[in-house]
Each structure stands twice: as C-alpha cells, then as structure tokens.
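Please open the model in your viewer and keep the sequence panel beside it, since the tour moves by selecting residues and elements in turn.

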Amino acid sequence: MPIPENTPAIDRHLLRDSVYHHLRDAIVKGVFVPGEQLRDMELAAWLGVSRTPVREAMLRLADAGLVVARPGRSTTVSSLALRDVRDARDVVAAMHEVAVREAVAGLTEADLDAMRAANRRFRTAVERGDVDEALRADDDLHGIPVTVAANRALATVLDQFTPVLRRAERLRFSTLGGRVSIARHDELIRLCAAGDADQAAAIAFDTWRSLPAYEEESWPFPPSPATP
C-alpha cells in the first residue's frame, strides 16, 4: 500500500474523529483506490498516531461501506457497488428532507445569504471543472439547514452515509450533469426564503434522490459483482 508523502494535521483533542475523517477523505478523493489493501500499521505511521484509533476508524469505515474488512485477513477499499450507492442515496435524501423541513422556520437572512454565496461558488466551480471546490460549496450550502435544524441523530446518519455518495458525486460534478444542481439549489433557497417548508423539503429530497446510479446515466464504472 503506497503511503502519501504529506502527513495531515491531526486534532489531538478529537483523535478518533480526526483519524476517521482523514481516512474517509483519502478514500473519497481516490488517494486510496477501490480494491487497495489498507494496513493499520502503515496508516498509523502516516497519521502519526497509534494503531488503536486507526482500527476504530476502520470499523466506522466498514459500517459506512467504504472498506471491506475480512477478519483475520485484510481490509480493502470497497468498490462503488450499485446497491450501496442507491441505499445511501435514499437515506441521505430523506435526512436532508427532514433537515430542511425542520430548519426553514429558523433560517435567518444571514443563513440564506450564506446559501446563495455557496451556490455562486458551486456554479463557478462546476463551470471550471473544479470538483473539489464544487463539493466544498455543495457541503456548505446543504450544511446550513442541517446546522440550523440541530438534529443530532440526523447529523450522525448523514456523517455515516454521505461518504458513500462522495465518490459518486465526484463523478457527477466532473461532468455537465453537475449543472442541474445549480438550478435546484436556486429553487431550494427561494422556497426557504418564502418560508415554504414542505416544498423546500421536497426540493432538498429530489436534489439528493436525483443523484444517478450506474444504470440510469451509464457512469464510467461498472456495478460491483455480488459477494458471497
């Protein structure tokens, strides 16, 4: 397993979460590719931590479907299985629907302005083909209702399943398909500003639920074979 040369900064106050997020992001960004074997000793050396938080992170990554752990054998980065993407997509869409419905009444003008600014950044990033910035802007926009809703259970579910979609989103935002999200964001913000919680929630659901699966838009990856 080739280890990246750069060593990320680890937050010692929240060690377990920090290790998990660094490994999760490395998988999502393709630093560690599907099928690659992950060795906890090498990862611990890369992150400058003991093997314990790495092992704990591996368990969380397995729960999220990002790695496949075989007891007594090896842990590898999982492939983009069609079923996993569809399941995560439906759960994440439902959570954002709830978040927006709960948040609309509490959104301030500053919140709405922040969402508009995030969508402008998103538009620019998509037009430039900057996938990393598009993802950051998309996170910022959708994160505002999630924060305002202040639903810890909802946020926990999103933290677990959104990474499964991240690799799929990177593929989507690198194509012209990402432009569709710009108009959906505009409509979401308009409905939030109007105080229409039900319609805004429906748009939020559709935005995430419309993330395509392999068969719908012939993405450039094949469905993973079923495992016994």
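Begin by selecting Thr75 in this predicted model and showing its surroundings: leaving aside residues up to four places away in sequence, Thr75 touches Glu36, Gln37, Leu38, Met58, Val67, Val68 and Ala69. Thr75 itself belongs to strand E3, which covers residues 75-77. Is Thr75 buried or exposed? Its relative accessibility is 16%, and because buried means under 20%, Thr75 counts as buried.

Next, select residues 15-28, which form helix H1, together with residues 40-47, which form helix H2, and look along their axes, which lie 12 Å apart and make an angle of about 105°. Angles of 65 to 115 degrees count as roughly perpendicular, and H1 and H2 are therefore described as roughly perpendicular to each other. To see where the two helices meet, show the side chains of Val19, His22, Leu23 and Ala26 on the H1 side, and those of Leu43, Trp46 and Leu47 on the H2 side. Sorted by class, this contact of H1 with H2 has six nonpolar residues, one polar residue and no charged residues.

Finally, turn to the largest pocket, whose volume is about 570 Å³. Which residues should be selected to find its centre? Of the 20 residues that line the largest pocket, Arg24, Leu135, Asp139, Thr162 and Arg166 are the closest to the centre. Colouring by element is useful here, as H1, helix H6 (131-149) and helix H7 (152-173) are the elements that each give two or more residues to the lining. By class, the lining of the largest pocket has nine charged, seven nonpolar and four polar residues.

Definitions and conventions. Residues are numbered from 1 along each chain as its sequence is written. This is a predicted model: local features need pLDDT of at least 70, side-chain atom pairs count only at pLDDT 80 or more; totals for chains, interfaces and linings use all residues. Side-chain values use heavy atoms; hydrogens and water are left out. Axes are lines fitted to C-alpha atoms, for helices over the stretch in contact, and angles run from 0 to 180 degrees between N-to-C directions. Helices (H or I, at least four residues) and strands (E, at least two) are DSSP runs, numbered from the N terminus. Angles under 35 degrees count as roughly parallel, over 145 as roughly antiparallel, 65 to 115 as roughly perpendicular and the rest as oblique. Contact means heavy atoms within 4.5 Å. Ala, Val, Leu, Ile, Met, Phe, Trp, Tyr, Cys and Pro count as nonpolar, Asp, Glu, Lys and Arg as charged, and the others, Gly among them, as polar. Buried means under 20% relative accessible area, exposed over 50%, partly exposed in between (1.4 Å probe, protein chains only). On a 1 Å grid over the protein atoms alone, a cavity is a set of points where a 1.4 Å probe fits but cannot get out, and a pocket is an open set with protein on both sides within 12 Å along at least five of seven lines; lining residues have an atom within 4 Å of a point. Grid points are joined across faces, edges and corners, and a volume is the space filled by probe spheres set on the points.
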